[in-house]
Amino acid sequence: MTVLCVRFQLPPAGEAALPGLLGLLEEFTPVVEALPPDGVLADLRGAERYFGRSAVELASVIRVRALALHGVDCVIGAGPGPMLARVALRDARPGVTCAVPEDAVAAFLANRPVAVLPGVGTATSRTLCEYGLDTLGRVAAAPLSTLQRLIGARAGRELHEKANGVDRGRVVPNGVSRSLATERPFPLDELDPDRHRRALLSAAEELGARLRALDKVCGALTLTVRYADRTATTRTRTLREPTAHSAALTRTTYAMYEALGLQRARVRALVLRAESLAPAEQASHQLTFDPVDEKVRRVEEAADRVRAKFGPGAVIPGALAA
């Protein structure tokens, strides 16, 4: 066990604590990768030798320090690699680290649904299930050529390797400074898709306004949906061109939400993050002859001036989309 996947149980709008929690992990290893809004990957290969403790033992120390220093509990999965640590996280509970046995990876994965693998979305999972490949054990036993016919050559090869416990991923050290995030918690677990969409519209407009105020553009968006049972689904989509245009951010956000195919899901909170930030003056913009698009951009500029003068609440969320 060399990699930990840690998910901190942050309070609503508590993402500002993530950099400090990252620093806590960096006391054990410099190889730490932030998984906003509340997750971290940490490669403890060197730490195990330095401290003379296993990754699972170090996970207990990390949990105690997070509680003592930040008042934040966490759940932790451990595995030989990042992918396996993320799968183990699904079975972890506060106070109990779930670890994938290095000598029994295939057995650990065998009865799990294919959707537990990072990168396997709703559409891929549905396609595999239609052909009876609903567990990782069945996927692992299926001929590689069959998987490639169903989901494509590259995707089929990667899925076959992952289902057989081959974890080629690595922890890439990064930070959380190159991103912006906003959260929309619901007072009660929310089932209504229309209210989900209104919250997403508000979040996309807020991110757009914040990006423009900083003279930044983003190259990708990440949507995290937190459910009533404390699980979460995260999807990231690269934008066609870096932008801070609220309408473009909203379209991409809606597309990610629709792709999840949620059916009466009890949603506790929605988190939207703008990734891959860059200076606005370095971004290229595809020229358009659409007068509606140009009009919306001019309205955006006027709304930004109103916010700057009277505060962020001066513009009603959704007004720009009307």
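## A paired hairpin

Leu221 has Arg237 of strand 8 as its bridge partner, within a pairing in which strand 7 (residues 216–227) and strand 8 (residues 232–243) run antiparallel over 8 bridges. Two strands are taken to pair if DSSP finds at least two bridges between them, and strands (E, at least two residues) and helices (H or I, at least four) are DSSP runs numbered from the N terminus. The hairpin that strand 7 and strand 8 form has 4 residues between the strands, and Arg230 takes a positive phi there, near 75°.

## Basis and overall content

The model is predicted, so that local features need pLDDT of at least 70 and side-chain atom pairs count only at pLDDT 80 or more, whereas totals for chains, interfaces and linings use all residues. Residues are numbered from 1 along each chain as its sequence is written, and side-chain values use heavy atoms, with hydrogens and water left out.

The protein chain contains 12 helices and 10 strands. Of its 322 residues, 46% are buried, where buried means under 20% relative accessible area, exposed over 50%, and partly exposed in between (1.4 Å probe, protein chains only). Among contacts (heavy atoms within 4.5 Å) with a separation of 6 or more, 65% are between residues 24 or more positions apart.

## The five-stranded sheet

An open sheet of mixed pairing is formed by 5 strands in the order 2-3-1-4-5. Strand 2 (32–35) and strand 5 stand at its edges with a single partner strand each, so one side of each is left without a neighbour in the sheet. At one of these edges, strand 2 pairs with strand 3 (residues 39–43) in the antiparallel sense over 4 bridges, and Leu35 stands opposite Gly39 in strand 3.

Strand 1 (residues 3–8) and strand 4 run antiparallel and are joined by 6 bridges, with Cys74 of strand 4 as the bridge partner of Phe8. Strand 4 is also joined by 2 bridges to strand 5 (residues 98–99), to which it runs parallel, and here Ala78 has Ala99 of strand 5 as its bridge partner. Between strand 4 and strand 5 the chain passes through helix 4 (residues 82–89), and this β-α-β crossover is left-handed; a right-handed one would run clockwise from the first strand over the helix to the second, with the strands pointing away from the viewer.

## Burial of strand 4

In strand 4 (residues 74–79), 6 of the 6 residues are buried, so the strand is largely enclosed by the rest of the structure. Both of its faces are covered, since Cys74, Ile76 and Ala78 on one side are buried, as are Val75, Gly77 and Gly79 on the other. In a regular strand, side chains alternate between the two faces of the sheet.

## Helix 9 and its surroundings

Gly156, Leu159 and Ala163 are buried in helix 9 (residues 153–163). These residues cover an arc of only 65° around the axis, which puts them on the same side of helix 9, the arc being that of the directions from the helix axis to the C-beta atoms. The buried residues of helix 9 pack against helix 5 (105–110), helix 6 (122–130), helix 7 (136–141) and helix 8 (144–151). After helix 9 comes Gly165, with a positive phi near 85°.
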